[in-house]
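Trainee: I'm new to this structure and would like a close look at a single part, the place where the ligand sits. Could you walk me through that part, and then through its surroundings?

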Amino acid sequence: MAAHAGSGHTAIVIGGGLAGMLAVTALLGHVETITVVERDRYPAAPAFRKGVPQARHLHILLSGGQRALDDLLPGTVAALTEAGARSLYLPRDLLTRTPTGWQRRFDERRHPTLSVTRPLLDAVVRERTLLAAAASPTRVEVLEATEAVGLTGDAGRVTGVRVRSRGGEPADRSARELSATLVVDASGRGSRAPQWYAELGRPAPHEETVDAGIAYATREYRPSDPDTAPDVGVNIPGWPQCPRGGAYVPVEDGKWLLTLSGVRGHHPPTDAQGFLGFSATIGDPYVHELLARAEPVSPVHGFRDTCNRRRHFERTDAAPEGFLALGDAYCTFNPVYGQGMSVAALAALAVRGTLERTGGPVPGFTAEAQRAVSRAVDPAWVAAVGADRPYTTDGDAGAGRGERLAAWYFDRLVARAAIDPVVGAAYRDVFCLTAPLSRLVAPRIVLRTVFLPRRPGLAAPPEAVETV
Ligand SMILES: Cc1cc2nc3c(=O)[nH]c(=O)nc-3n(C[C@H](O)[C@H](O)[C@H](O)COP(=O)(O)OP(=O)(O)OC[C@H]3O[C@@H](n4cnc5c(N)ncnc54)[C@H](O)[C@@H]3O)c2cc1C
């Protein structure tokens, strides 16, 4: 049920990044106007901007996220591919080294993964969102170079946003108020919602963190001879005995991104020499060897804030009426699992589903929508937090018996998934966010994981693709 022109509902979206644009698509047709407040000015062509500092690093869009994106904005995955994004089928097109050896290259074709730079992805999604907006009854206005600095309302109800222009004449930079029926916080990992809550006289939402202490460093490369360049990406994530990892993937324009990662005590250096040296110390020399046939075409950029952090706005009484948080403002993930953007799309879908049920941002809508966002986030959160537990400072010590059993099972499952097409398919279904976590404990998967003998993966990166 979409809102009619006279419904009078209005929305403000704080942050015009990925989650902000997807929030706009969810709201189209359900409110009369949407005002997007974006701190940056958008570049004329796809380019890095300060407001998305993680954009220099490798970003893949999982199949679950692609489905959600296309559901919200039909044709966007094709538009991204047309713009140069590379589609890599898992596990065929991403050679992966697991703790027990290399994964077999099953030609499964269930999970295409998009490999693309963030500036291009954001530009395509933004362009298509604004096109969809132009064709809808909802009027969308984007205020660039405008920063949200607070909320208006009281402890029980948010009624709008205080904003301030950036740049321009000093006289224009004083804060002014915008009012709306609904305020969506999509301002990313630096969201100030907890502080804004305090100004409204509310306690901050409960914050849960699980920090593996990972840091990233990334550099762009171009193969010296495109004709002999590899045609598949490589992923060598770290593991407890070797807490350094790397991923080397093709993106648009014939470029490749190398992201190196390491947990505390093993952070990758950001100087060119140190970065190259670090690439030789990850779990397998394969990526380092490939670099001999590529030229670096960018400086090395680092990133340290990679904690899994969830602010539980969905808990009873944790969010005032009229306020909703999604994207990284609600939950961030250890980026090693490549889930954040997909979860933002799944969360926006959940918001749209709630709007369709309630008919618009009516009283009670935000609590219901925030719970739907929380359910959309849950599978990725449980998977990321479970996988990161061994890397936290208290590691196993903080875990109960159930958690230790789950860690034991998960460890066997990952080893089995590398060599077993049935367990591997279930593992990918869950990690690509297309199946619930319960798929990992289906009787067939448990039997194969627990009772089949533990065998190592392949000794070298496989060339042969195996049909399944
Ligand atoms: C190193 C790294 C690698 C990652 N790799 C992957 C990956 O491979 N796959 C994946 O799916 N995810 C990945 N992620 C996660 C992904 O980057 C985020 O989940 C995603 O960007 C979330 O989108 P968002 O719109 O919530 O936040 P952002 O993309 O950060 O956008 C926030 C927007 O809000 C604006 N803003 C901020 N504050 C204000 C304010 N006060 N007023 C107005 N505007 C404001 C910013 O300018 C920006 O435009 C990675 C993250 C990191 C850190």
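Mentor: Here is a walk that starts at the ligand and moves outward from there.

Keep in mind that this is a predicted model. Let's begin with the shell around the ligand, which has 35 residues. Which of them come nearest? Glu38, His59, Arg118, Asp328 and Met341 do. By type, the shell divides into 13 nonpolar residues, 14 polar ones and eight charged ones. Some of the shell belongs to regular elements: helix 1 (18-27), strand 9 (146-153) and helix 8 (340-358) each supply at least two residues.

Now for the atoms themselves. Asp328 has a polar side-chain atom 2.7 Å from an oxygen atom of the ligand. With His59, an N or O atom of the side chain is 2.8 Å from a ligand oxygen. Arg39 takes part through its backbone instead: a polar backbone atom there is 3.1 Å from a nitrogen atom of the ligand. How much of the ligand does the protein cover? On its own the ligand exposes 1000 Å², and the protein buries 97% of that.

Let's stay a moment with helix 1, since it came up as part of the shell. Leu18, Ala19, Gly20, Met21, Leu22, Ala23, Val24, Thr25, Ala26 and Leu27 are buried in this helix. That makes ten of its ten residues, so helix 1 is largely enclosed by the rest of the structure. Just past the end of the helix, Gly29 takes a positive phi of about 85 degrees.

Strand 9 is another element of the shell, and the loop that comes before it is worth a look. Ala145 is in that loop, between strand 8 (139-143) and strand 9. It isn't a glycine, yet Ala145 has a positive phi of about 50 degrees. Is Ala145 buried or exposed? It has a relative accessible area of 9%, so it counts as buried. You can set Arg109 beside it: this residue isn't a glycine either, and has a positive phi of about 50 degrees. Arg109 is in the loop between strand 6 (101-102) and strand 7 (111-115). Here the relative accessible area is 49%, so Arg109 is partly exposed.

While we're on backbone details, have a look at Pro91. The peptide bond leading into it from Leu90 is cis, with omega near 0 degrees. Pro91 itself is in the loop between strand 4 (86-90) and strand 5 (94-98).

Next, let's look at the empty spaces. The second largest pocket has a volume of about 310 Å³. Its lining has 19 residues, and Phe48, Thr117, Pro119, Glu220 and Lys255 are the ones nearest its centre. Helix 4 (118-134) and strand 14 (215-223) are the elements that give two or more residues to this lining. Strand 14 gives the most, with three residues. Sorted by type, the pocket lining has nine nonpolar residues, four polar and six charged.

There are enclosed spaces too. How many cavities of 30 Å³ or more does a search of the whole structure find? It finds six. The largest cavity has a volume of about 80 Å³. Among the residues lining it is Arg118, which you've already met as one of those nearest the ligand. Phe48 and Pro119 also line the largest cavity, and both of these were named at the second largest pocket as well. The lining of the largest cavity has eight nonpolar and four charged residues, with no polar ones.

The second largest cavity holds about 60 Å³ of space. Its lining includes Pro223, Asp225, Tyr248 and Arg293. Six of its lining residues are nonpolar, one is polar and two are charged.

One last stop is Arg310, which you'll find in strand 20 (residues 308-311). Its relative accessibility is 3%, so this arginine counts as buried. The side chain of Arg310 has a partner, though: a polar contact of 3.0 Å joins it to the side chain of Ser374.

To go back to where we started, what should you keep in mind about the ligand? The protein buries 97% of the area it exposes when taken alone, and Asp328 has a polar side-chain atom 2.7 Å from one of its oxygen atoms.

How values were computed
Residues are numbered from 1 along each chain as its sequence is written. This is a predicted model: local features need pLDDT of at least 70, side-chain atom pairs count only at pLDDT 80 or more; totals for chains, interfaces and linings use all residues. Side-chain values use heavy atoms; hydrogens and water are left out. A residue is near a molecule or strand if one of its heavy atoms lies within 4 Å of it. A polar contact is a pair of N or O atoms within 3.5 Å; within protein, one must be able to donate a hydrogen and the other to accept it, and residues adjacent in sequence count only if both atoms are side-chain atoms. Accessible areas come from the Shrake-Rupley method with a 1.4 Å probe; for residues, only the protein chains shown count as cover. Helices (H or I, at least four residues) and strands (E, at least two) are DSSP runs, numbered from the N terminus. Ala, Val, Leu, Ile, Met, Phe, Trp, Tyr, Cys and Pro count as nonpolar, Asp, Glu, Lys and Arg as charged, and the others, Gly among them, as polar. Buried means under 20% relative accessible area, exposed over 50%, partly exposed in between (1.4 Å probe, protein chains only). On a 1 Å grid over the protein atoms alone, a cavity is a set of points where a 1.4 Å probe fits but cannot get out, and a pocket is an open set with protein on both sides within 12 Å along at least five of seven lines; lining residues have an atom within 4 Å of a point. Grid points are joined across faces, edges and corners, and a volume is the space filled by probe spheres set on the points.
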